[in-house]
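Please follow the account below with the sequence and the structure at hand. It leads from helix packing to the spaces enclosed by the fold.

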Amino acid sequence: MYKNVYVNEWVEQMAKMTQPDSIVWIDGSEEERERLTKQAVSTGEMMELNREKLPGCLYHRTAENDVARVEHLTFICTSRKEDAGPTNNWMEKSAAYAKLGTLFAGCMKGRTMYVIPYIMGPAFSEFSKVGIEITDSIYVVLNMRIMTRMGKVAMDMLGDSPNFVKGLHSKGELDPEKRFICHFPEDNAIWSIGSGYGGNVLLGKKCFALRIASWLGRKEGWMAEHMLILGVEDPSGKIQYVSAAFPSACGKTNLAMLIPPEKYREKGYKVWTVGDDIAWMRIGADGRLWACNPENGFFGVAPGTNEKSNPNALHTCLRDTIFTNVCYNAKENTIWWEGLDNNPPTPEDGAINWKGEPWDYRKYDKADKINTSGAHPNSRFTASAKNCPCLSAEFDSLKGVPVTAIIFGGRRAKTAPLVYQSFNWQHGTFVGSIMASETTAAAAGAVGVVRRDPMAMRPFVGYNMGDYFAHWLEMGKKIPHAPKIFNVNWFRTDDEGNFIWPGFGDNMRVLLWILARCEDKVGAVETAIGYVPKAEDINIEGLDGVTIDTIKNLLSVDVASWKEDCKNIREFYGVIGDHMPKELYEELDALEKRLG
């Protein structure tokens, strides 16, 4: 089908090991999509939904034991353990190939092998990289079609080059005991077996775009980050771009698709989405940091997405979308999930839960969501970015967008203020390295336990976390006009545990202060942790129940909490061990000194 000898040789080797009945080379055409969709529907692997209400949409259920990323079965496989570092699961490279080789042997007998050439990033951009994923899952093919630029265009970009990421996937037996997601950064390879769930099998996503790409970025002098990218347009038409990293459940997609408050919309402010999950960043010819979203779609969490929380995300997935593990309404041939609206399908509607069982919404128990909800809490929609109402005109730009500010954030009840700015890039790297979220009442175990998630990359760095921090510090020295670095916390609570800041669209007010700081248009107060806004510089016009005193409270620095936090940070740095850069220990010492 394609002429690249390196690709053909590799596919031949993999076919020899997995022994499929037939091989289909994916070309990315519309005719191919229709053919594969028909095939998936005829076997029952997918269901076509109501054409009038959800045109082009499909429904899929994964196995009950296969509904999320499996961090404990995800490995970085290198020759030396220290290259993977203490925050990753490590398997010695040759041992991993041997172990998985036995599972892959003959695993595609009776199945079709699909060969998917794809590009992460816009075609023919210097940002972009080519991958080939081999899979025995039609579900994977149809999802990769949405999430990447795939087919002939990828092979055209690759040409005769041997430089592609080799991804091998098989559903295998869908047995958790025989499930592994292994990354071989030294070989530009990913092997995934035993899963059919998106995060483990759409190998372009976290596997390539973060774990392998972070390794490549360090080697080649760029950055692969778990960050959204958005543009803020002011009434004069000027657009400035920010990238932001948040751990899960901290409102990342909501911020990426933010709708400004009505007062701001009336004045002409707009927000444009470049990406909701991953940013690849390079130094441009002008000395600024430029970012591109390597993905072509959104793999979003469905529950909680609604007309109020994220109308843009909701409207994005109303057509040509694949829904996975949501609730099914047999009467209407539509889908539903918790938090969509107050009209769940009833038993009379033929409501079917994510497991494929008849479902009664009246038996829902918040304490046992997995077994009593209609949609799995991690159910997903795979939707094309092109359907997003607020998609940036720069989405396909070959040169990316210039980044004015980098924002870190977490979920902290008391410690972090609403927003603060780092003193410089090195201090900003420190701020990213200490990022954390506290467990909420909804999570299993104790409330308020701090989980460190540096730069929201803890599960996604493809090498030693200490070396990753060193790469950040190194990049700071190389970027002539580096973005300014900030930290935000939308989740500060009062003594009753209620959130003080309204969040959602009102986060625009904080973004505007951040952008004003980047242009030196507004002052700040120097504190032990960084520069904090003057309360009067956060615009609260039109905010019910929020006064200047509320803002002063949100911006206050709780010295006792920070001193306690420093102990926890020191412990975490200790886990990283001797790869931890001394500059970050110096920043920690300096913070403790400033806190007195």
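**Helix packing and internal spaces**

Helices α17 and α18, the latter spanning residues 582-595, pack with their axes 10 Å apart and at an angle of about 160 degrees. Angles over 145 degrees count as roughly antiparallel, and α17 and α18 are therefore roughly antiparallel to each other. Their crossing is left-handed. The model in which this packing appears is a predicted one.

From α17, the residues that meet α18 are V559, W562, K563, C566, I569, R570, Y573 and G574. On the side of α18, the partners are L584, Y585, L588, D589, L591, E592 and L595. By class, this contact between α17 and α18 consists of 10 nonpolar residues, 1 polar residue and 4 charged residues.

Helix α18 also packs against α13, a helix of residues 425-433; the two axes come within 10 Å and cross at roughly 85 degrees. That angle makes α13 roughly perpendicular to α18. In α13 the contact involves Q426, H427, T429, F430 and S433, while α18 contributes E583, L584, E586, E587, L588, L591 and R594. The contact of α13 with α18 is divided evenly by class, with 4 nonpolar, 4 polar and 4 charged residues. Residues L584, L588 and L591 of α18 thus appear in the contact with α17 and again in the contact with α13.

Helix α17 leads on to the enclosed spaces. Across the whole structure, a search finds 4 cavities of 30 Å³ or more. The largest cavity holds about 120 Å³ of space. It is lined by 15 residues, and those closest to its centre are R412, A416, I434, A436 and N487. Strand β28 (484-488) and helix α17 (559-576) each supply at least two residues of this lining. The lining of the largest cavity divides into 8 nonpolar, 4 polar and 3 charged residues.

A further helix pair, α2 and α5, is found elsewhere in the sequence, at residues 30-42 and 138-147 respectively. The axes of α2 and α5 come within 10 Å and cross at roughly 145 degrees, and the crossing is left-handed. Residues E30, E32, R33, L36, T37, Q39 and A40 of α2 meet I138, V141, L142 and R145 of α5. Of the residues in this contact, 5 are nonpolar, 2 are polar and 4 are charged.

Which helices give two or more residues to the lining of the second largest pocket? They are α2 and α5, the pair just described. The second largest pocket contains about 550 Å³ of space. Among the 20 residues that line it, E30, R33, T37, G56 and D320 are the closest to its centre. Helix α2 provides the largest share of this lining, 6 residues. The lining of the second largest pocket comprises 6 nonpolar, 5 polar and 9 charged residues. Residues E30, R33 and T37 accordingly have two places in this description: they belong to the contact of α2 with α5, and they are among the residues closest to the centre of the second largest pocket.

Notes: Residues are numbered from 1 along each chain as its sequence is written. This is a predicted model: local features need pLDDT of at least 70, side-chain atom pairs count only at pLDDT 80 or more; totals for chains, interfaces and linings use all residues. Side-chain values use heavy atoms; hydrogens and water are left out. On a 1 Å grid over the protein atoms alone, a cavity is a set of points where a 1.4 Å probe fits but cannot get out, and a pocket is an open set with protein on both sides within 12 Å along at least five of seven lines; lining residues have an atom within 4 Å of a point. Grid points are joined across faces, edges and corners, and a volume is the space filled by probe spheres set on the points. Helices (H or I, at least four residues) and strands (E, at least two) are DSSP runs, numbered from the N terminus. Ala, Val, Leu, Ile, Met, Phe, Trp, Tyr, Cys and Pro count as nonpolar, Asp, Glu, Lys and Arg as charged, and the others, Gly among them, as polar. Axes are lines fitted to C-alpha atoms, for helices over the stretch in contact, and angles run from 0 to 180 degrees between N-to-C directions. Angles under 35 degrees count as roughly parallel, over 145 as roughly antiparallel, 65 to 115 as roughly perpendicular and the rest as oblique. A crossing is left-handed if the near helix is turned anticlockwise from the far one by less than a right angle, and right-handed if clockwise. Contact means heavy atoms within 4.5 Å.
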